[in-house]
Amino acid sequence: MGEYIEYQNDLSVSEEYIESNIDFEHFRIALIQAKQKLSPRQREIFELNKEQDIPVADIATRLSINEQVVRNQLSAALKTIRTELQNHAFLLSIFLLNL
């Protein structure tokens with residue numbers, strides 16, 4: 001009986017792991033598609049800031065633009081990303097908080 005319970009627990013953990021991987025894969029694909037809806041400049045700024053963790057001031061220097069322009073472009077990009085990923089709100093919040 002103990003072995004059966006352990007087997008069921010292992011099976012449950014495996015199913016949860018598979019489901020979470022599938023959920024993350026859907027999120028990853030949705031994020032790629034959402035980023036394609038951004039302008040090239042917005043996508044570049046979003047990726048630099050959120051994926052490479054580069055501060056706004058450094059992005060402005062790197063791109064030779066004003067910091068406020070970076071903030072405006074990032075804000076517009078985040079608005080689009082949030083709209084596109086509203087079905088993945090939980091994973092999006094984790095993604096944005098952990099970057």
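How much area does the protein chain expose, and what share of it do carbon and sulfur atoms supply? The chain exposes about 7000 Å², and carbon and sulfur atoms supply 51% of that area. Keep in mind, as you look through these views, that this is a predicted model.

**View 1. The whole chain is built from helices, in the pattern α-α-α-α-α.** Following the protein chain, you will find 5 helices and 0 strands. Of its 99 residues, 26% are buried. Now consider contacts between residues at least 6 apart in sequence: 57% of them join residues at least 24 apart.

**View 2. Helix α4 runs from residue 67 to residue 84.** With 18 residues at 1.5 Å a residue, α4 should span 26 Å, and its end C-alpha atoms are indeed 26 Å apart, so the two values agree. Look for Val 70, Leu 74, Ala 77, Leu 78 and Ile 81, which are buried in α4. These residues cover an arc of only 105° around the axis, which means that they sit on the same side of α4. Here is a handy rule: an α-helix has 3.6 residues a turn, so residues three or four places apart point the same way. At the N-terminal end of α4, Asn 66 acts as a cap, with a side-chain oxygen 2.6 Å from the backbone nitrogen of Gln 68.

**View 3. Helix α3 has a buried face and exposed residues on its other side.** The buried residues in α3 are Val 56, Ile 59, Ala 60 and Leu 63. Seen down the axis, they fall within an arc of 100°, so they line one face of the helix. Thr 61 and Arg 62, on the other side of α3, are exposed. What do the buried residues of α3 pack against? Their partners are α2 and α4. Just after α3 comes Ser 64, which has a positive phi, near 55°.

**View 4. The largest nonpolar core has 19 residues.** Those with the most contacts inside this core include Leu 31, Phe 46, Ile 59 and Ile 81. The elements giving two or more residues to the core are α1 (2-36), α2 (40-51), α3 (56-63) and α4. Helix α4 gives the most, with 5 residues. In soluble globular proteins, nonpolar side chains tend to be buried together.

**View 5. Gln 42 belongs to helix α2.** Is Gln 42 buried or exposed? Its relative accessible area is 13%, and buried means under 20%, so Gln 42 is buried. Leaving aside neighbours within four places in sequence, Gln 42 is in contact with Gln 73, Ala 76 and Ala 77.

How values were computed:
Residues numbered from 1 in each chain as written. Predicted model: local features only at pLDDT ≥ 70, side-chain atom pairs only at ≥ 80, totals over all residues. Heavy atoms only, no water. Helix = DSSP H or I, 4+ residues; strand = E, 2+ residues; numbered from the N terminus. Buried < 20%, exposed > 50% of the residue type's maximum accessible area, 1.4 Å probe, protein only. Contact = heavy atoms within 4.5 Å. Areas by Shrake-Rupley, 256 points an atom, 1.4 Å probe, with all protein chains shown as cover. Expected span 1.5 Å × (residues − 1). Arc of directions from axis to C-beta. Polar contact = N/O pair within 3.5 Å; in protein donor to acceptor, adjacent residues only side chain to side chain. Core = buried A, V, L, I, M, F, W, Y, C linked by side-chain atoms within 4.5 Å.
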